[in-house]
Amino acid sequence: MGETPLRQRAIITVASKPVMPPYIKLRHDAGRNRWLILAPERLFDPDEIAVEILKLCDGERSVGEIVEVLAKEYNAPREEIEADIIAMMQDLADKGVVKA
Amino acid sequence: MNQTAPTGTHVKESTVTMDAGEMRCDASPSDTSAPDPSCVVRAPIGLLAELTHRCPLQCPYCSNPLELEKVNTELSTEDWQSVMRQAAQLGILQVHLSGGEPTARRDLEEIITTAAECGLYTNLITAAVLLKRDRLEKLKECGLDHVQISIQDIDTAAENADRIGGYKGGSAKKKEVAGWVRELGMPLTINAPIHRHNIHNVEAIINYAVELGAGRVEIAHVQYYAWALKNRAALMPTREAFMDAARIVERERERLKGVIVIDAVVPDYYAKYPKPCMGGWGKGIINVTPSGRVLPCHAAESITHLQFDNVRDRPLADIWIKGDAFNKYRGTEWMKEPCRTCPRREIDYGGCRCQAFALTGDAANTDPACSLSPLHAEWAKVADVESHQGSPDFVYRRPGGATRKPAPEKTPEPSSV
């Protein structure tokens with residue numbers, strides 16, 4: 001026992017192309033009027049911005065491209081948006097919500 | 001167009017965990033503000049569907065009641081399909097298909113199909129030993145989202161694992177099924193109930209879960225209710241062993257960040273405060289037994305004065321909102337001191353009602369797991385004393401087993417389902 005792990009932690013960069021695996025489900029909950037992420041024995045409660053970002057995560061767009069989309073939409077410095085998205089994606093990747 | 005720029009945390013996390021010993025629901029679905037002290041009844045988010053009490057394994061810490069429900073009292077396929085539809089209408093998001101061993105039901109395919117059609121996230125909590133590859137594939141096609149497999153020890157300690165589960169060849173079979181789960185591209189959780197017969201292997205168990213390709217592993221210290229309470233002297237680890245295990249979990253969690261999520265359930269005998277059992281009574285989780293009784297928690301039937309409704313007689317939503325058993329300990333109004341004025345009353349809800357009832361005779365008392373309970377010191381000492389004595393033989397979980405003499409310490413032959 002004590003072997004090294006077979007898998008590696010995914011480190012999110014602007015080049016990463018994150019995507020939610022099929023068993024992670026972004027769903028609108030009409031009864032509670034909010035978006036939810038359903039995951040194995042977990043629930044995630046994304047805010048409006050997270051939902052927007054996750055909808056852009058199709059496994060083809062890079063984090064850099066997602067930053068571009070949001071930079072056009074929001075009146076905020078690009079670097080700020082980039083740092084924010086990378087932090088969010090890293091957190092979600094660590095929890096298995098996105099693969100990159 | 002949105003005006004606010006992205007900042008800070010955008011995704012909040014909640015757990016809806018169910019394992020052999022405990023259920024937690026830390027989710028607070030509709031409130032982002034402070035908890036509502038008047039406890040408006042909210043929709044539950046998780047359904048624990050105990051499809052059957054039949055199980056080929058005989059784990060001495062099983063969370064099923066000592067009086068196991070018989071096969072001829074089980075709900076029909078149509079009953080369970082109705083439960084799934086009602087659950088979705090009630091606002092439930094996730095269904096945990098459990099048991100006993102849920103794959104012992106031949107109609108699992110139909111139940112999962114209905115659950116998935118209703119939009120429920122489906123989680124199969126299985127001992128895995130009855131599964132064949134083509135059936136697993138079929139379950140996936142029916143819409144199964146996630147598989148949780150319990151293990152008793154690591155594969156290189158298969159003999160110990162099979163002795164604990166009371167099923168020869170179980171360890172090897174579980175490994176095989178875990179491989180199929182991953183081959184089929186399904187997410188896998190390994191649930192490892194921890195006690196004095198495997199606590200020395202916690203690090204190896206985590207590594208084994210990584211090797212099996214699990215995305216999550218639950219280091220689930222046994223919770224001492226039902227069969228586990230019966231076997232407490234045989235299962236309770238020492239405080240020292242528990243502390244070592246806790247340190248290992250912390251270290252491995254850091255080392256394996258992004259590789260595997262490690263969830264740990266603490267044994268409350270060694271905790272300072274009780275756990276928020278069920279995330280609050282009648283707050284987030286609803287439990288349906290094989291015969292259709294609707295419980296606020298899988299151990300609730302041990303509180304002998306509670307009356308439980310049945311899905312055969314009354315709609316699920318009606319039971320959740322108006323059922324006596326659900327309203328009895330919902331919120332904080334029922335509390336006595338020291339809970340009533342405790343600043344933690346909305347955090348842990350005074351702990352476990354079943355444990356309070358079993359040990360004090362009144363389910364509205366503070367759970368002795370809480371250091372503020374007058375019975376706490378005496379209660380905690382039991383764990384210290386028992387864990388330092390030799391382990392008695394297991395009382396294996398089998399129909400009628402609770403009243404029999406302990407079984408000899410060898411692996412019994414697998415029983416038929």
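Which elements of chain B are included in what covers the buried residues of α5(B)?

**View 1. Helix α5 of chain B and its surroundings in a predicted model.** What covers the buried residues of α5(B) includes α3 (133-142), β6 (146-150), α4 (158-165) and β7 (188-194), each of them an element of chain B. The residues of α5(B) that are buried are B:G170, B:S171, B:K174, B:V177, B:A178, B:W180 and B:V181. The helix itself comprises 14 residues, 170-183, for which a span of 20 Å is expected at 1.5 Å a residue, and this agrees with the 20 Å that separates its end C-alpha atoms. Just after the helix comes B:G185, a residue with a positive phi of about 75°.

**View 2. B:L188 and the largest nonpolar core.** This core has 142 residues, and B:L188 is listed with B:A87, B:I92, B:V95, B:I190, B:A209 and B:V217 as those with the most contacts inside it. Seven residues of the core, its largest share, come from α6(B). When neighbours within four places in sequence are left aside, the residues in contact with B:L188 are B:V147, B:I149, B:A178, B:V181, B:R182, B:L212, B:G213, B:A214 and B:G215. Among these contacts, B:A178 and B:V181 also appear among the buried residues of α5(B).

**View 3. The crossing of helices α6 and α9 in chain B.** Helix α6 (residues 202-211) and helix α9 (residues 239-255), both of chain B, have axes that come within 9 Å and cross at roughly 35°. On the side of α6(B) the contact is made by B:V202, B:E203 and B:I206, while α9(B) contributes B:A245, B:I248, B:V249 and B:E252. By class, the residues of this contact are five nonpolar and two charged, with no polar residue.

**View 4. The side of chain A that touches chain B.** The contact between the chains takes 40 residues from chain A and 41 residues from chain B. On the side of chain A, the elements that give two or more residues are β2 (34-39), β3 (42-46), α1 (48-56), α2 (63-73) and α3 (78-94). Helix α3(A) supplies the largest share of that side, with eight residues. Sorted by class, the side of chain A that touches chain B holds 21 nonpolar, four polar and 15 charged residues.

**View 5. The fold of chain A and the confidence of its prediction.** Chain A contains three helices and three strands, which follow one another along the sequence in the pattern β-β-β-α-α-α. Its C-alpha trace spans about 50 × 35 × 20 Å along the principal axes, and of its 100 residues 35% are buried. Among the contacts in chain A with a separation of 6 or more, 60% are between residues 24 or more positions apart. The mean pLDDT of the chain is 90, and 94% of its residues reach 70 or more. Over residues 1-5 of chain A, however, the pLDDT is below 50, although this stretch has 10 contacts in the model beyond near neighbours in sequence. Where pLDDT is low, predicted coordinates should not be read in detail.

**View 6. B:K322 in helix α10 of chain B.** Is B:K322, which has its place in helix α10 (residues 316-322) of chain B, buried or exposed? B:K322 is exposed, because 12 other C-beta atoms lie within 10 Å, and a residue with 12 or fewer counts as exposed. The C-alpha atom of B:K322 is separated by 44 Å from that of B:R163, a residue 159 residues apart from it along the chain.

Definitions and conventions
Residues are numbered from 1 along each chain as its sequence is written. Chains are lettered from A and ligands numbered from 1 in the order in which they are written. This is a predicted model: local features need pLDDT of at least 70, side-chain atom pairs count only at pLDDT 80 or more; totals for chains, interfaces and linings use all residues. Axes are lines fitted to C-alpha atoms, for helices over the stretch in contact, and angles run from 0 to 180 degrees between N-to-C directions. Helices (H or I, at least four residues) and strands (E, at least two) are DSSP runs, numbered from the N terminus. Two residues are in contact if their C-beta atoms, placed from the backbone, lie within 7 Å. Ala, Val, Leu, Ile, Met, Phe, Trp, Tyr, Cys and Pro count as nonpolar, Asp, Glu, Lys and Arg as charged, and the others, Gly among them, as polar. A residue is buried if 20 or more other C-beta atoms lie within 10 Å of its own, exposed if 12 or fewer, and partly exposed in between; C-beta atoms are placed from the backbone. A nonpolar core is a set of buried Ala, Val, Leu, Ile, Met, Phe, Trp, Tyr and Cys residues joined through C-beta atoms within 7 Å. The expected span of a helix is 1.5 Å times one less than its number of residues. pLDDT is the predictor's confidence in each residue, from 0 to 100.
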